[in-house]
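Q: Could you take me through how protein–DNA contacts are read in a model such as this one?

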Amino acid sequence: MTHLPPDPRLRRRNHQPPASGRFVLYWMQQAQRVEENPALALAIAEANRLGLPPVVGFALSDRYPEANRRHYTFMLEGLREVAAALADQGIRFVLRLGEPDRVVLELGRQAALIVCDRGYLRHQRRWRRAVGGGAQCPVVEVETDVVVPTGVASDKAEYAARTLRPKILRQMDRFLQPAGPPLRPVHPSLDLDIAGEDPADIPGLLDRLRLAGPVAAVSGWFTGGTGEARRRFQLFLNRSLDPYAAHAHQPQTDHVSMMSPYLHFGQISPVWLARRVREAECGPESRAAFLEELVVRRELAVNFVCHTPDYDAYDGLPDWARETLAAHAADTRPHLYTPAQLEAGQTHDPYWNAAMAEMRATGFMHNYMRMYWGKQVLAWSPSPREAFATLLALNNRYFLDGRDPNSYAGVAWIFGRHDRPWPERPVFGKVRAMTASGLRRKCDIEAYVRKVALRSAASP
DNA sequence: ATCGGCTCGCGCAA
DNA sequence: TGCGCGAAGCCGAT
């Protein structure tokens, strides 16, 4: 493997010598797409060089943290499309039920090389460590789901967006160069005799998985898959990119890309999205604002989970934030709600209830409302620690983009992470507060409430 | 309608 | 060591 190009997106996961095998295995887990997938491209190139067919393997586990029907329907819609797109190229897609590390080590016994993509949460890292340590052939990891590879951007936990921003912007250009034309496999793998599930049988697969909770699918609002992501993004470019910057705090509009569910499952490439926006005709402010969200803040969230071992724990918050929240632990809470009352959207606040209804009905929430929604849970919970737990649970249960680095960075932001102190007030202490009067001042919040009422009434 | 003050700590200039 | 400034705000003064 000494021939591997010196590409900062590549990393060897073990030091096994070259092995013989029936195929080259691309273990797809994070980057659930065929287009703009550098891990798949590397697997095809290596397969051609070795004179072997490439095979794509995917492990479907119902032990994924907080897995439910909503997430899995969306993911399986995407994987069905992946299987069909791979078949068009003569590549076999092997879907197996089970824990990813075990499934991949089993499949990998017949592989000359394993290529994997890169998710950033601790269970995804654990799977890759286990595969790297257990495989009898070389394992190469490819960074697939950020623009600037994490180690190139920064090798430490960044304090805030302002400290990461210059590092990202300095490097962005070189990682937005278009890849060459997609490589075709010389040796097709469709006829290889490898057992796997039928990825097109979504109801059958869902029935066989033990999924938590009564959280319904939201296919009426969001259908999974790269084709659907591209269609939606084209609509965004046509209609919503130009007012994007001006309407960032206008949740009554739909001038947002809604790419986060597709990015979360790797169904669309952030590099491709960034290139499209750079080429788009729009005001420079909107172009910069979108790239700020897509690249700077999204990759700040990745930096956060990579360098904060307890990214999902209250104790991982900055000292100043924990200290000020502790100093206000005994403050009177004018409103207190249980997690069940919050989940049902039964509070005194119609704006908050609308946000919760949007989340339940569609699996999505406008960014500005996500902040307001989170800040109120802090205000209405018996303690910041309980608020933190409630927010993560609701986030990961209902959002299609739950359980993403952005989920953990977003919840931590509610409690002061990546933010600065502000004037001291009850309950919040020096952590930034948001209020209903602020919503009324800054946007047409009544129009947002009406929009959500229509949507949740029409909910499938 | 707009403006300033509030508050902590990082990173750069000196 | 000093200083400017920051992921999305609030509030009161003008």
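Q: Which atom of DNA strand B lies 2.8 Å from a polar side-chain atom of K430?
A: A polar contact is a pair of N or O atoms within 3.5 Å; within protein, one must be able to donate a hydrogen and the other to accept it, and residues adjacent in sequence count only if both atoms are side-chain atoms. Here the partner of K430 is a phosphate oxygen of DNA strand B. This is a predicted model, in which local features need pLDDT of at least 70 and side-chain atom pairs count only at pLDDT 80 or more, while totals for chains, interfaces and linings use all residues. Residues are numbered from 1 along each chain as its sequence is written, chains are lettered from A and ligands numbered from 1 in the order in which they are written, and side-chain values use heavy atoms, with hydrogens and water left out.

Q: Which contacts reach the bases of DNA strand B?
A: Among them, a polar side-chain atom of R162 lies 2.9 Å from a base nitrogen, and a polar backbone atom of P421 is 2.7 Å from a base oxygen.

Q: Which residues surround DNA strand B?
A: A residue is near a strand if one of its heavy atoms lies within 4 Å of it. Around DNA strand B these are K156, Y159, R162, T163, W320, P421, P423 and K430.

Q: What does R162 contact on DNA strand C?
A: A backbone N or O atom of R162 lies 2.6 Å from a phosphate oxygen of DNA strand C, and a side-chain N or O atom of R165 is 3.2 Å from a phosphate oxygen of that strand.
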